Amino acid sequence: MKYKFSILFIVVATIIAFSSCKKVGFLDRKTETLTEERVFADSALTVGFINDMYAYTGQDVVPYRYSTITSPGSNDYACFDEQTTLAISYYSAPQQGLMAGTYSASNYALNNYWTTYYKKIRQATLFMQKAGATPLSPQRKTVLMAEARYLRAFFYVGLVRFYGGVQIMPNETLNVEDVLISKRNTYKECVDYIVNELDDAAKDLPSALQQDGSEYGHATKGAALALKARILLIAASPLFNGNSHSTNAALLPYVTYSATYNESLWQKAADAMKAVIDLNEYSLVEDNTTRPGHGFWKFAIKGRKTTEHIIPFIVSNGTSLESARFPRSRAGSGGGYSNPTDNAVQYFGMKNGKAINDPTSGYNPDKPFENRDPRFNYSIIYNQAPIWKSGNGTTLVPVDIYFNKASNAISADGIQAYYTKTGYYSRKMANDSTVTSSSIQRALPVMRYAEILMGYAEALNEVGQTENAVSILNQVRKRAGIEPGADGRYGIVMGIAKEGLRKIIQQDYVAEFLMEGHFWYDTRRWKTAEVTEATNIFSNYITKELNGTYSYERRVALAVNWQTRAYLAPIPQSEIDKSATLIQNPGW
């Protein structure tokens, strides 16, 4: 069936105050009925039209996703990690249905990614079509046109990560009488288009160092090149590079960049990552003097603008993140909306850089939280973790997360419904010294420099430059506060093979980016989801024994039913029903 789409009027335009130099976020909104003519005849409304699109760029990382951006599913209180085995939801929906594989293409809980991102693509195209007639200065028009081009590419990246090849829309918005036939472009066509669009946008975007402070959060040249590097890394990864989950020859062009393995794709990704590094505009926030890995905490806490953020998502001042994630004893009735799982905890190695299953690591299962990778302490609230508590001044007080045999009762923050389902709470990017300050300024990381270094290391390793990859990866490990060891290799053995380093890199992705919305995409592009997401979600049930020691029992918190079709999301059935030429993803 053919269908029509048109943008004749902007019935409701969301005009957003987008400011980083002031102590307000850009989530302050006012709504009014506007026409295209009125919007693009007014400079402030024209800029507001662009700002509205930025409000949808944090979909994977922002907490309270059900209301802050747009609802991917009912009761969605966390970043996208909550739809994986790394975190568990406060409510059962939508995670339980996703992990159990009970959704269909008709009622898939995340169908709004398709509709929301295409709306924003259409909005960006409309801006590019109309901006020439606006009363803005020529220089301002050029930059905003580049921003619109970048944003359109950003939303295409979101679609391609989620669905594979999608339809590339015309460069002109259509009128109601125009007919558009729904047909997917190939995966390769989509990636190549995105790369070209981002290259074009980068030419007219300011550098991060030259961008006016009032524009912080808008696109920069570095943001465009980083997004380009991300999509090229994805295209080079196993799922899309010669190792598809589909054997249907007719579908392969839509779900792979190359049907056979092509190592040169990794080199393209490496080159793109290196181009961002060579800008010399970004660096890791590093502070191992205050305490090991302190910079890993500071990048998210000490103000919105850091040397590490490449694509920041500006949020309002305050402690909503702490309220959503901290135990109730620290954040009131709103705490514990999203709990890291014991599955996630297993990815964190030891402070000497070795994995916990390495017999030389020093890991002690009777004291599982001691001597871990410092990122563990900054990411996970575990039993007896020291956290600020009201009424105790600046003294940090251990959190009790256990069943007490002496009293035959669960501690205040122990495993129970609507507290924690896993025996852990999230500390990631949160201020763990106070939850009372309303002046905390933060930007959530959509992309940060650590991802560029990790991606560069990954790509170098895949093209056989394993020792160069070790050197790059160790920049991230050093910042994390991992001990260098006598050999200065941060726990990575001399002469490590490609396969061994690949495993370390994949584990470090979790340690570095937990609760930032990466894992859904990473475990799929690596084609490891058939292992990581086929494992039940586990809790760590802790008992305080009569003698004061603790015992640990791994329990199933949520049963999982992995299905191969879940490597890609289904195109909404309502879209398939509109057109006989729109092909559904494998298994759906």
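Q: Where does Met 429 lie?
A: In this predicted model, Met 429 lies in the loop between β11 (425-426) and β12.

Q: Why is Met 429 called buried?
A: The relative accessible area of Met 429 is 4%. Buried means under 20%, and therefore Met 429 counts as buried.

Q: What makes the phi of Met 429 worth a remark?
A: Phi of Met 429 is positive, at about 65°, although the residue is not a glycine.

Q: Which other residue, not a glycine, has a positive phi, and where is it found?
A: Asn 371 has a phi near 60° and is a residue other than glycine. It is found in the loop between α14 (342-345) and α15 (374-379).

Q: Why is Asn 371 called partly exposed?
A: Its relative accessibility is 41%. Partly exposed lies between the cut-offs of 20% and 50%, so Asn 371 belongs in that class.

Q: Why does Arg 291 count as partly exposed, and where is its place?
A: Arg 291 has a relative accessibility of 36%. This value falls between 20% and 50%, so the residue is partly exposed. Its place is in the loop between α10 and α11 (294-301).

Q: What separates the C-alpha atoms of Arg 291 and Gly 481?
A: They are separated by 8.0 Å, while the two residues are 190 residues apart along the chain.

Q: How do you know that the span of helix α10 agrees with its number of residues?
A: Helix α10 has 14 residues, 264-277. At 1.5 Å a residue these should span 20 Å, and the end C-alpha atoms are 20 Å apart, so the two values agree.

Q: Which residues of α10 are buried, and why are they said to be on the same side?
A: The buried residues are Leu 265, Trp 266, Ala 269, Ala 270, Ala 272, Met 273, Val 276 and Ile 277. Around the axis they cover an arc of only 165°, which puts them on the same side of α10. As a general matter, an α-helix has 3.6 residues a turn, so residues three or four places apart point the same way.

Q: What covers the buried residues of α10?
A: The cover includes α8 (221-236), β4 (309-314) and α16 (449-462).

Q: What makes strand β12 mostly covered?
A: Six of the six residues of β12 (residues 443-448) are buried.

Q: How do you know that β4 and β12 pair?
A: Five bridges join β4 to β12, and the strands run antiparallel. Two strands pair if at least two bridges are found between them, so five bridges satisfy the criterion. In β12, Ala 443 is the bridge partner of Ile 314.

Q: Why are β10 and β14 said to stand at the edges of their sheet?
A: The sheet is open, has four strands in the order β10-β9-β13-β14, and shows mixed pairing. β10 (409-410) and β14 each have a single partner strand, so one side of each is left without a neighbour in the sheet.

Q: How many bridges support the pairing of β9 with β10?
A: Strand β9 (residues 403-404) and β10 pair in the antiparallel sense over two bridges. The criterion is at least two, so this pair meets it. Asn 404 stands opposite Ala 409 in β10.

Q: What do β13 and β14 form?
A: They form a hairpin with five residues between them, and Gly 548 in the turn has a positive phi of about 90°. Strand β13 (residues 537-544) and strand β14 (residues 550-558) pair in the antiparallel sense over eight bridges. Thr 543 stands opposite Ser 551 in β14.

Q: Why is Asn 585 called buried?
A: Asn 585, found in the segment after α21 (573-576), has a relative accessible area of 3%. This is under 20%, so the residue is buried.

Q: What makes the link between Asn 585 and Arg 184 a polar contact?
A: Their side chains are joined at 3.0 Å. The cut-off for such a pair of N or O atoms is 3.5 Å, so the distance qualifies. In addition, a polar atom of the side chain of Asn 585 lies 2.7 Å from the backbone oxygen of Ala 569.

Q: Why should residues 1-31 be read with caution?
A: Over residues 1-31, pLDDT stays under 50. Where pLDDT is low, the predicted coordinates should not be read in detail. The protein chain averages a pLDDT of 89.

Key: Residues numbered from 1 in each chain as written. Predicted model: local features only at pLDDT ≥ 70, side-chain atom pairs only at ≥ 80, totals over all residues. Heavy atoms only, no water. Expected span 1.5 Å × (residues − 1). Buried < 20%, exposed > 50% of the residue type's maximum accessible area, 1.4 Å probe, protein only. Arc of directions from axis to C-beta. Contact = heavy atoms within 4.5 Å. pLDDT = per-residue confidence, 0-100. Polar contact = N/O pair within 3.5 Å; in protein donor to acceptor, adjacent residues only side chain to side chain.
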